[in-house]
Structures are given as C-alpha cells and as structure tokens.
Amino acid sequence: MPPLDLNDSGDPAPRSLGRLHEPVGSEPRRRAEAQATLVETNVPARLDALPWSRFHSLVVVALGVTWILDGLEVTLAGAVAGVLTQSVGLGLTASEVGLAGAAYLCGAVLGALAFGWMTDRLGRRKLFFITLAVYLAGTAATGVAWSGGSYTLFRFIVGCGIGGEYAAVNSAIQELIPARLRGWTDLVINGSFWLGAAVGAGASIFLLNPAVIQPWLGWRLAFMIGAALGLLILLLRRWIPESPRWLMLHGHASEAEEIVGQIESQSSRRLSPEELDRLPRIKLRNRGFTPLTEIYRAMFRLYPRRTMVGLALMASQAFLYNSVFFTYALVLTDFYGLDATQLGWHLLALAAGNFLGPLLLGRLFDTLGRRIMITATYVISGLLLLGVGYLFQKGLLTAEQQTIGWMAVFFFASAAASSAYLTVSETFPLEIRAMAIAVFYALGTLLGGAVSPWLLGTLIGTGNRARVFEGYALGAGLMIAAGLIEWAWGIAAERKALEAVCRPLGAVDD
C-alpha cells in the first residue's frame, strides 16, 4: 500500500447519518487507542475519493450557514441603527451605536482566537455546537435588550459566537469535502455571507416599515430571525460527524475509519477492496494537543512565506470590504442625494454581485488552479475599483451606475475574499488548522478592517470626491499587491489532499 505523497508544498438518510457521529463503543475505544504512539491510515485518501452525495450537501448546509448568519447580523445591525437612536428603540446616541459595532468586531476576533484554540484541542464537532449555541444566546438576547449597555454586551456575545464559528466550521468543511471539489465548495460557502445580507436587507424593509409593524417591535423581531435560523441549523448539525482527520490525529483511527465506512456505504459508488488497498496511506504520531510555541514555529519558522501570503490576502480584502460597505450608504446619500429609504434596494444589488462571483468563478479555482485565479481576482477587483473610483471622482456616475460599478468590483472581490479563507485553511498543518484560520482572521480584521471604515468615513466627511478616491485607490493598491504576492509565493493546492498540500507536524516517514 503506497504511502501518501507529502513532498508537494448512494445518499445517506437522516436516520443513518445520525450514527456517524457516535459509533458504538467509541469512548472505550478512544481510551485504548490513545495508548498507541503511531497511527497508519488511508482515511484522508478515502475521504477524497468519495463522490458527492447528500452527506456533503448536508455538510454544506449545516456548517456553511455560518456565513449567512454573519451577513444577516451585520446587515440587520446597520439597518436598525436608525431605529435604535429613537425613543421607540433604545434611545442610543450615535457613539453608542458605533460602540456596539466595535463590540461585535472585538467579540469576533476574541471568539475566533479562543474557540480556534479549543477546536484543535477538543475537536471540530464539539466546537461548532458550542459556537452556534453562543451565537443563539447572544442574538436572542439582543432582541430583548433594554439599554445601551445590554445591547453592546449582547452584540459582543454574538460576535464571539460568529468568530468562533469561522475556525471550527472552516476546519470541518475543509476536512470533509473531497479534494477535487474543495475550492468551489469553500468559495460558495464563504460567498453565502451575501445571501444572509440579502435576507437581512429584505427583512429590514418589511420589519422596519411602520405601516406593517410597530417600530418598537420590528427591530426586536429582526434579531429573532437569526435566532430562529440558528436553532434550525443546531438540529441539522446533529447529523454531522466529527472530522475523521481530527480523530486519526488524536489516535482514534478505528473510529475515523468507521465513520468513513458508513459514509462510503451510503455512497452511489463504493471502492472495491483492491482499490482501497491501492489508496495512499499516512503514518502519524498521536498527539493530544499542539503547544502554542509549536504553532508559532509552524507559522513563522517553517512556513513564513505562506504566513505572508495569508496575511496579505486577509488584510487587503478586509480593508476593501470594510471601507466600502461601512460607508456606501454615506456615499449614496451625501454625494448622490439618495433617499435613505432606498438604500436597501442598492444593498440587494450589491449582495447579488457578491454571491454570483464565487458561485460562477469557483469552479475555476479547482481547474485553472489557485495561483492563477487568486491572483486574477485580486488584481482585477483592484483595477476595477480604481476605474470606478476615478469615474466617481470626475462625477460621471449616477447613484445607480455607482452601484453597478461596485457590483462589478465585488463580483471578483467576493471570490478573492473567499479564496483568502480557503488559502489559510488548506496551506497549514492539520494540527493547527483551526488556530491558523483564527489567527489570520483576527490579524486580517485588525490590520485591514479596523481602520478602513474610520478612514473612508473621514474622507467622505470632507465632501471632496478626490479625497474619497484616495481611499479607494489605497484599497485597490492593497488588493493588487496581495494578488502579486500570491503569484510569487502562492501554493498550487487544487485537487490535492490536505496532507499533500501541507505535511502534518506529526507525520512520520517509513
């Protein structure tokens, strides 16, 4: 049976799926297997050989909803801001609304780091239940907030849950989806943020209409949408098993093989014993956890170029998105005189462009390859932003044309941003995958996303189109630079096993 090459940098029914996450006798087996030092298994190859089935669709729906929830939360928070400053809301000041937004962002960063560390230690499955429960509690509590302080606290809790979801869910998705489809699947899931944004925009148009629902009740019901959706997904996640890759790393190879076997038994095509025997195998040294010092060593000593690529991709897309989407309403109202009641329709248009980009371009990331497509989407979106910004500076666009221009920019930028998450989750070792996602998300948000809304808001406040263009040009330059860094140092990870893209820290040579 050939070893896995580590040198290169049937549909299941719900009832049977329920058995996947807890094989009979799993706990005694785990204790016994933990005594072993080495594990040799073909679990990764078997997972990558699986045809697409209802199981994979369930994984996408039950785990990928994270980005829909994030898009929903961000959109609803912005939509209800006006109501919250009124007496029918909570009577907040503009600074208190801004503080709540900052609390959400801080919660997301801290949640990503804390839950990401726990995900690598305790398992993917435990954490994507915990993080969703935190989100559910926070968003339901937001709907019954009684003061500015309580509202800010609950938004912080919501952010913790969403940030934790990024690490736990991205890890599980990467490790359960076959390698040949990993790129497109990951991009579409990350792009589904904009489905949540569209739902939030549409819901706000209805729930914040005083002719339909009283304002004091409408904004509270808006936050209950996320709680209801999260509760439904909590039930669906019962059918998702623990990542077999995480199990084999922690010495539970037989349980991992049993889970994969149950998925295979319900697949439309099963490998013959001879085919299974020819699949590559990998030998791993068991470990209970990975020390923080080893995480640092992997990111900054073993793979410094990959770290540079990840930081460049994450920070540049965070700057672009936060600079435009936190200020697009100001541009449309201040420079084009658009009625604030019409902003929801423009957001729906932007959401459509953002979702269609990953959906239509995603396949190319698995066929043409990661380096070509990541470089292209970053550079093209940067160049388009320069063009749209120039036309804006010259006053050559209407409000509708400005939105169409942004749609074109974000058609490519959305695929680029989604590929940033794909890159950091597949180019670092199995042992630190969740923590790597968390670190890059946190650093990208802090370096690229924290200052950009303030910067663009300040430039817009000058009323000078040329100054606003300077902000857009900065964002465009960062995207283009990130694309060039990807071209120079990016990894051709398409259609390769995760263990071949990045050798696990505990891999043992024969």
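The legends below describe close-up views of a predicted model.

**View 1. The largest nonpolar core and the surroundings of Tyr472.** The largest nonpolar core of the model holds 111 residues, and Phe325, Trp406, Phe410 and Tyr472 are those with the most contacts inside it. Helix H20, which spans residues 399-426, supplies the largest share of this core, namely twelve residues. Around Tyr472, leaving aside residues up to four places away in sequence, the residues touched are Val324, Val331, Leu385, Gly389, Phe392, Trp406 and Leu456. Trp406 therefore appears both among the residues with the most contacts inside the core and among the contacts of Tyr472, with a cut-off of 4.5 Å between heavy atoms defining such a contact. In soluble globular proteins, nonpolar side chains tend to be buried together.

**View 2. A second nonpolar core.** Separate from the core of the preceding view, a second core comprises 18 residues, including Leu76, Leu90, Ala100 and Ala141.

**View 3. Ser414 in helix H20.** Ser414 lies in helix H20, the helix that also gives the largest nonpolar core its largest share of residues. With a relative accessible area of 2%, Ser414 counts as buried, because the limit for that class is under 20%. When residues up to four places away in sequence are not counted, Ser414 touches Trp194, Tyr321, Asn354 and Pro358.

**View 4. A nonpolar patch on the surface.** Val88, Trp216, Leu217 and Leu221 form a nonpolar patch on the surface, and together these residues have about 320 Å² of accessible area. Trp216 belongs to helix H11, which covers residues 215-236, and its relative accessible area of 48% makes this residue partly exposed.

**View 5. Strands S1 and S2.** Strand S1, residues 38-41, pairs with S2 in the antiparallel sense over four bridges, and Leu38 has Arg285 of S2 as its bridge partner. Strand S2, residues 282-285, has a covered face formed by Ile282 and Leu284, whereas Lys283 and Arg285 make up the uncovered face. In a regular strand the side chains alternate between the two faces of the sheet.

**View 6. A salt-bridge network of buried residues.** The model contains twelve salt bridges in total. In one of them the side chains of Asp120 and Arg124 meet at 2.9 Å, N to O; Asp120 is buried, with a relative accessible area of 8%, and Arg124 is buried with a value of 0%. In another, the side chains of Arg433 and Glu175 meet at 2.8 Å, N to O. Arg433 lies in helix H21 (residues 433-449) and Glu175 in helix H8 (residues 148-176), so this pair ties together parts that are 258 residues apart in sequence. Arg433 is buried, with a relative accessible area of 1%, and Glu175 is likewise buried, at 0%. Salt bridges that share partners join Asp120, Arg124, Glu175 and Arg433 into one network.

**View 7. The salt bridge between Glu499 and Arg245.** Glu499 forms a salt bridge with Arg245, and the closest N and O atoms are 2.6 Å apart. Because Glu499 lies in helix H24 (residues 498-501) and Arg245 in helix H12 (residues 244-249), the pair ties together parts that are 254 residues apart in sequence. Both Glu499 and Arg245 are buried. Side chains of opposite charge can pair when their charged atoms come close.

Definitions and conventions
Residues numbered from 1 in each chain as written. Predicted model: local features only at pLDDT ≥ 70, side-chain atom pairs only at ≥ 80, totals over all residues. Heavy atoms only, no water. Core = buried A, V, L, I, M, F, W, Y, C linked by side-chain atoms within 4.5 Å. Buried < 20%, exposed > 50% of the residue type's maximum accessible area, 1.4 Å probe, protein only. Helix = DSSP H or I, 4+ residues; strand = E, 2+ residues; numbered from the N terminus. Patch = residues over 30% accessible without salt bridge, like charges linked within 9 Å, V, L, I, M, F, W, Y side chains within 5 Å. Areas by Shrake-Rupley, 256 points an atom, 1.4 Å probe, with all protein chains shown as cover. Salt bridge = Lys/Arg side-chain N within 4 Å of Asp/Glu carboxyl O. Pairing = 2+ DSSP bridges.
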